[in-house]
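Please examine the sequence and the model displayed here. The explanation proceeds from the overall fold to individual residues.

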Amino acid sequence: MSHETLAIIWFILWGVIWAVYFMLDAYGLGTGILFPFVAKNDTEQKQLQETIGPFWGGNEVWLILAGGATFAAFPLTYALMFSFLYTPLMIILFALFFRAAGLEFMHKHDTERWKKAWKWAFFGGSLIVPLFFGVAFANLFDGLLIRQTGKLDYVYEGSLFSLLTSYGLLGGLLFVSLFIVSGATWIGVKNEGKVVDRSIKIGNIAWVISLILLLIFYVATNNKTPLLDKFADYPILYVLPLLSVVFLALVKPFLNKRKFGAAFGMVTATIGTFMATGFVGMFPNMLPSKIDASFGVSLTDAAGSELNLKIMFIVAIIFVPIVLIYQFAMYRVFRKKITPDNATGYE
């Protein structure tokens, strides 16, 4: 395979890995956001902890894969992304830390102050991650304030506050609402009892908000960004944003029938097709520039050497299936419903 072909393959893999991470970790983060409002006592807290306890670590592997793939296949993108977006990425890193620590330490001590502190740490971390990832990816879709000063020499003229535009915040709120719906449906899949009724009540509200935000986001994307420009040239591509809206709309009737597995599948498909819309619109840019399209970091500029891409491709062929097999096994082993009587929490 040529270097160009390998670079395109890795761009596709890069997008798929990010999409899979968001599709999987959405329900874990959504459960964390719902946690203080759904779990009213220790038993119900243990139910929700066990709901994501066996899975969240495996889901985070996809985030590590996304970072590793960026570093190995697109070293320039990795270097510039972690330089230009250093502050929001560090905020996400600390939020991931407090989310994990809250889940781990919540019931390590019996005092109410201790449990309450870690409960809200779990909630706060779970909220900040999708909020800032949504802001970050909305800005990638819109373009960053990048100026090219020489060949492969780039300067970022923005800051954390320049990312917090109305469009960026719209992306953040959309991620949060979708993740809440994902968490609510997953709680329904895995649990029995009052936690299901409370989570679905909140999930129904979040569903309305997420559908409205998704439609507004696509209108704003079409009017304010170049992301959908190539969709006009290849109208078949409009099937991606259309499917994301259709999938999200189908969540509600499944929730009404308490078919939580189907509802969870629909919101997961919504996230996947939404991310596909963004990556297809970005192609062949890795870091688009809002100042001037010619200043953006292209796929050709960002890709590593041909040998490097070949080695990484072989590594991906070997290890990605192993990760998938492991995760399928985990979901099969822990497929049993969690009730107030058999909940053990997170150990």
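The paragraphs below treat the whole chain, then its core, one helix and one residue.

The model is predicted. The secondary structure of the chain comprises 14 helices and 4 strands. Its radius of gyration is 20 Å, close to the 20 Å that the globule rule gives for 347 residues, so the chain is as compact as a globular protein of that length. Measures along the principal axes add to this description: the C-alpha trace spans about 65 × 40 × 35 Å. Among contacts with a separation of 6 or more, 80% are between residues 24 or more positions apart.

Turning to the surface, 54% of the 347 residues count as buried. The accessible surface of the chain is about 15600 Å², and carbon and sulfur atoms contribute 70% of that area. As for charge, the chain carries 26 positive and 21 negative side chains, with the centres of the two sets 10 Å apart.

In soluble globular proteins, nonpolar side chains tend to be buried together. In this chain, the largest nonpolar core has 111 residues, and Trp 18, Tyr 21, Phe 22, Phe 74 and Phe 133 are those with the most contacts inside it. Helix α1, residues 3-38, gives the most to this core, with 18 residues. What does Phe 74 touch, leaving aside its neighbours within four places in sequence? Its contacts include Ala 7, Trp 10, Phe 11 and Trp 14. Phe 74 is also in contact with Ala 69, Met 286, Leu 299, Ala 302 and Ala 303.

Helix α2 (residues 42-52) is mostly covered, with 8 of its 11 residues buried. Among these buried residues are Glu 44, Gln 45, Gln 47, Gln 49, Glu 50 and Thr 51, together with Leu 48 and Ile 52. Which helices cover them? The cover includes α1, α3 (56-73), α5 (86-105), α6 (112-142), α8 (166-190) and α9 (194-224).

Helix α6, part of that cover, also contains Phe 141. Is Phe 141 buried or exposed? Its relative accessible area is 3%, and the cut-off for a buried residue is under 20%, so Phe 141 counts as buried. Beyond its neighbours within four places in sequence, Phe 141 is in contact with Tyr 167, Phe 217, Thr 225, Leu 227, Phe 274, Gly 278, Phe 279 and Met 282. Glu 60, by contrast, is separated from Phe 141 by 81 residues in sequence and by 23 Å in space, C-alpha to C-alpha.

Definitions and conventions. Residues numbered from 1 in each chain as written. Heavy atoms only, no water. Helix = DSSP H or I, 4+ residues; strand = E, 2+ residues; numbered from the N terminus. Rg over C-alpha atoms; globule rule 2.2 N^0.38 Å. Buried < 20%, exposed > 50% of the residue type's maximum accessible area, 1.4 Å probe, protein only. Contact = heavy atoms within 4.5 Å. Areas by Shrake-Rupley, 256 points an atom, 1.4 Å probe, with all protein chains shown as cover. Lys, Arg positive; Asp, Glu negative; His and termini not counted. Charge placed at Lys NZ, Arg CZ, Asp CG, Glu CD. Core = buried A, V, L, I, M, F, W, Y, C linked by side-chain atoms within 4.5 Å.
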